[in-house]
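Reader: I have this one open on my screen and would like to go through it with you. Could you start with whatever I need to know before we talk about strands?

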Amino acid sequence: MADGRSQVKRRAGARLWLSATWLGLLVLGAVFAPLIAPQDPLAQDLFGARLPPFWEAGADAAFPLGSDSLGRDVLSRIIHGARIALGVALIAGTLTCLIGSGLGLIAGYFRGWPDMVISRLVDIWMAFPPVLFAILLIAVLGTGLSSIIIAIVVIDWTRFARVIRAEAMSQGAMDYVASAQVAGRKRFSILLAEILPNVLPTIVVLLTLEMGIAVIVEAILSFVNLSISTDQPTWGSMIAEGRLSIHQAWWVLVFPLVTLFLTVLSFSQLGEGLKDHFDPVLR
Amino acid sequence: MSFLTIENLNAEVGPAPILRDVSLSVAAGEVRGLVGESGAGKSMIGKAVLGTLPSAIEISSGRIVLEGEDLQAMRPRDRRRVIGAKAALIPQDPLTALNPSRRVGPQITDRLVDILGWTRHDAQTRALELLDEVQIPEPERVMRAYPHELSGGMRQRILIASAFAAEPKLIIADEPTTALDVTVQKQILKLIKQMQARHGTALLFVTHDLGVVSKICQSLTVLYGGKVLEDTRIGDFFARPAHPYSAALLAATPKYTDPAASLTPVPEAVIDGVRAEIEAFDRMHGHV
């Protein structure tokens, strides 16, 4: 009877460690940006414009990743840009997750009219083109950090609601839910104690994906100059500016782009890695 | 005196009848089998008693009386309380009946704490006793295990322990051995019978296996299309089945004494007869 199933130990995969390391570095960079950044991210120096990265001829050691057309340090701007990117990812991701998952759980477990209302709302919501919807929202709310966060939450809660509703529905059909019901447990406590823990791995994966998406949405909005004021460096605005001088100074475009790419990739891999690590059921 | 009485229970999904005038009773301490083929509505009867019917199914008339209390006449909250205190379920599939993300121990003690208001510590002691009673080795270790660390047979034992935990007077076993392989089936069946005898619990045993019925039940209800065809003592059923469908069902059971004999299906004529009976019933009740 004592079989080997409990003996299996799982290793946290390489992707979990790699993505966590990258995100950890970013968080440190964002928190301690003023201490770490070699230059003032806003300081312009037209005589030191378009300095190449450190391994090319004519580089200045004080500007390791080069400078842009206004002579601002690319590395410092990336580090300071991480503040906005991670802030948006954290706040918008979490809010979206809470609202979407909450509504999804309610719709999937209680069914009936709450499900009707929530599901129809999701259907209608998803018919809007998301980027246009975001631009429209920003136009109405005005630019600024809180507007971006609101726009992301308003657009993306449906992603959670859909998936979590389906998960909650299939969990609700399980015998252990019926048993808890027979035992006289209240429906809300069944939702929290029996359904939620089983949906949690999915929520974690969605949350990390959403954080990646939030970073991208923020970059898109910065790119079209609808994010926050131009005196605050963001990855999206760096990409937008870098695009103009791509033939003279590729580094102004490429470094923020690579940072953005690695960050979004890390978020999604972190989610998958966490899921594998914490899911109690071996699949 | 019967502990559970179902009187003229009718249930529908939309216009389609699921249960047709079902009446049956289980006396205190009695083991009653509820047999029928797939879709006969046998699990639905169990679910109706326990109040876990899917929301699409509606009980249109009839009474379910649990130890003198009419469940249909109660408010849902009171009903849940009464059922929780008096009845329990041994589910069909041990693989989905334990919450995979919670340890086994709390899943057994939950109902003691929630329904009976025991302290965590007392419930823990009781759960260990119960696990010992259902012959689980190293109960302390099993209490701390997650369900996926245990085999199907072990999980079914845990579910049996958990069903008996709050000393309910009625247990509904919904095909508790169907998902297990034959050798484990036999052990589990024996265990359920032992536990039932020791605790004096009334048992409604839902199954499609007449072999199982002959081993464990004292009385039997035969169901087809949500309608009771026969309600009888177990000895009478195997000696002289009253309904032609019951007789055909018995004849269709493979006989291990003569492996060469071919299987006899239930004859078309008998099924047609039963269908005619059901149609006549539906016409009378305006269902057509």
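Author: Two strands count as paired if DSSP finds at least two bridges between them. Please keep in mind that this is a predicted model.

Reader: Fine, so which residue of β9(B) is the bridge partner of Val35(B)?

Author: The bridge partner of Val35(B) is Val222(B), and the pairing behind it joins strand β3 (residues 31-35) of chain B to β9(B) in the parallel sense, over 4 bridges.

Reader: And in what sense do β9(B) and β10 pair?

Author: β9(B) and strand β10 (residues 227-233) of chain B run antiparallel, with 6 bridges between them, and within that pairing Thr221(B) stands opposite Asp231(B). The hairpin they form has 2 residues between the strands, and Gly225(B) takes a positive phi near 55° there.

Reader: Are the faces of β9(B) buried or exposed?

Author: Both faces are covered, with Ser219(B), Thr221(B) and Leu223(B) buried on one side and Leu220(B), Val222(B) and Tyr224(B) buried on the other. In a regular strand the side chains alternate between the two faces of the sheet.

Reader: Switching to chain A, how many residues of helix α9 are buried?

Author: In α9 (residues 235-244) of chain A, 7 of the 10 residues are buried, among them Trp235(A), Met238(A) and Ile239(A).

Reader: What do they pack against?

Author: The buried residues of α9(A) pack against α3 (74-110), α8 (187-223) and α10 (250-278) of chain A.

Reader: Last one: how many residues does each chain bring to the contact?

Author: Chain B brings 30 residues and chain A brings 22; by class, the side of chain B that touches chain A has 14 nonpolar, 8 polar and 8 charged residues.

Methods: Residues numbered from 1 in each chain as written. Chains lettered and ligands numbered in written order. Predicted model: local features only at pLDDT ≥ 70, side-chain atom pairs only at ≥ 80, totals over all residues. Buried ≥ 20, exposed ≤ 12 C-beta atoms within 10 Å, placed from the backbone. Contact = placed C-beta atoms within 7 Å. Nonpolar A, V, L, I, M, F, W, Y, C, P; charged D, E, K, R; others polar.
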